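Reader: Hi! I'm just starting to read protein structures, and I'd like a close look at a single part of this one. Could you walk me through it step by step?

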Amino acid sequence: MAKPKRYVVRKGKKTGIFTTWDECKAAVHGYAGAQYKSYETRAAAEQAFASSYSSQITQKTKDHRLATKDYTKIIEPLSIAVDAACSSNPGVLERQWVETIWWKKLFSSTPYPLGTTNIWEWLAIIQWMRYLVENGRKEHTIYSDSRIALGWVTKGIIKTTLPRTSKTQKLWSLIDEQLEWLVGVWLDVLAEKKILLVKWKTKERGEIPADFGRK
């Protein structure tokens with residue numbers, strides 16, 4: 001049986017060390033700029049709570065077009081989470097966007113007949129980026145738990161083995177359209193580092209807010 005974690009909240013509606021995620025969530029949910037993190041033991045949580053918050057944060061950049069941080073302790077106020085689900089691989093697809101502070105579902109697609117999870121996650125990221133750019137909203141963070149999809153986006157590519165057939169023609173038309181936009185517009189936007197693409201740390205934060213909960 002897994003040992004219970006401890007949750008340290010430095011900024012939130014309440015601060016301190018909490019023994020359950022529900023208590024932690026209640027303390028930070030809806031609080032802009034909340035600062036919190038989970039720890040495996042009470043001793044580690046107490047040590048972290050006694051130290052400065054800045055000492056717990058690491059920053060790094062893996063790609064000049066992908067501004068990355070360790071967001072395991074904070075959720076950006078202007079941010080969404082994206083996720084995709086697939087009945088098999090390839091199979092029937094779904095995707096959704098969820099606002100990360102309030103956990104409000106912004107969009108949930110109807111089932112799509114055939115594709116892969118990586119493709120659908122890639123499309124979910126790009127389509128939200130297009131919405132931001134086309135509506136002049138360039139200060140934003142997009143969370144995804146798919147390292148592959150994030151890599152495709154930042155490199156301006158899609159490396160899928162899904163064949164082009166009569167059954168996948170509609171999906172490939174959508175892919176080609178989004179890829180053309182990505183290469184023509186988005187890579188310049190990425191260079192500005194105002195819209196951040198961030199890998200959701202599932203092991204430290206639990207499932208991404210946009211998760212379909214079917215695991």
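Author: Strands β1 and β2 form a hairpin, with 4 residues between them. Keep in mind as we go that this is a predicted model. The two strands of the hairpin, β1 and β2 (residues 16-18), pair in the antiparallel sense over 3 bridges. To find one of these on your screen, look for Tyr7, whose bridge partner in β2 is Phe18.

Now stay with β1 and look for another neighbour. Strand β3 (residues 35-39) also pairs with β1 in the antiparallel sense, here over 5 bridges. A handy landmark is Val9, which has Tyr36 as its bridge partner in β3.

Is β1 enclosed or open to the outside? This strand covers residues 6-11, and 5 of its 6 residues are buried, so β1 is largely enclosed by the rest of the structure. A useful rule while you rotate the view: in a regular strand the side chains alternate between the two faces of the sheet.

For a helix to set beside this strand, try α3. Helix α3 runs over residues 117-134 and reaches 26 Å from its first C-alpha to its last, close to the 26 Å expected at 1.5 Å a residue. Here 14 of the 18 residues are buried, so α3 too is largely enclosed by the rest of the structure. Just after α3 comes Gly136, which takes a positive phi of about 70°.

The largest nonpolar core has 34 residues, and Trp122 and Met129 are among those with the most contacts inside it. Helix α3 gives this core its largest share, 11 residues.

Technical notes
Residues numbered from 1 in each chain as written. Predicted model: local features only at pLDDT ≥ 70, side-chain atom pairs only at ≥ 80, totals over all residues. Heavy atoms only, no water. Expected span 1.5 Å × (residues − 1). Buried < 20%, exposed > 50% of the residue type's maximum accessible area, 1.4 Å probe, protein only. Pairing = 2+ DSSP bridges. Core = buried A, V, L, I, M, F, W, Y, C linked by side-chain atoms within 4.5 Å.
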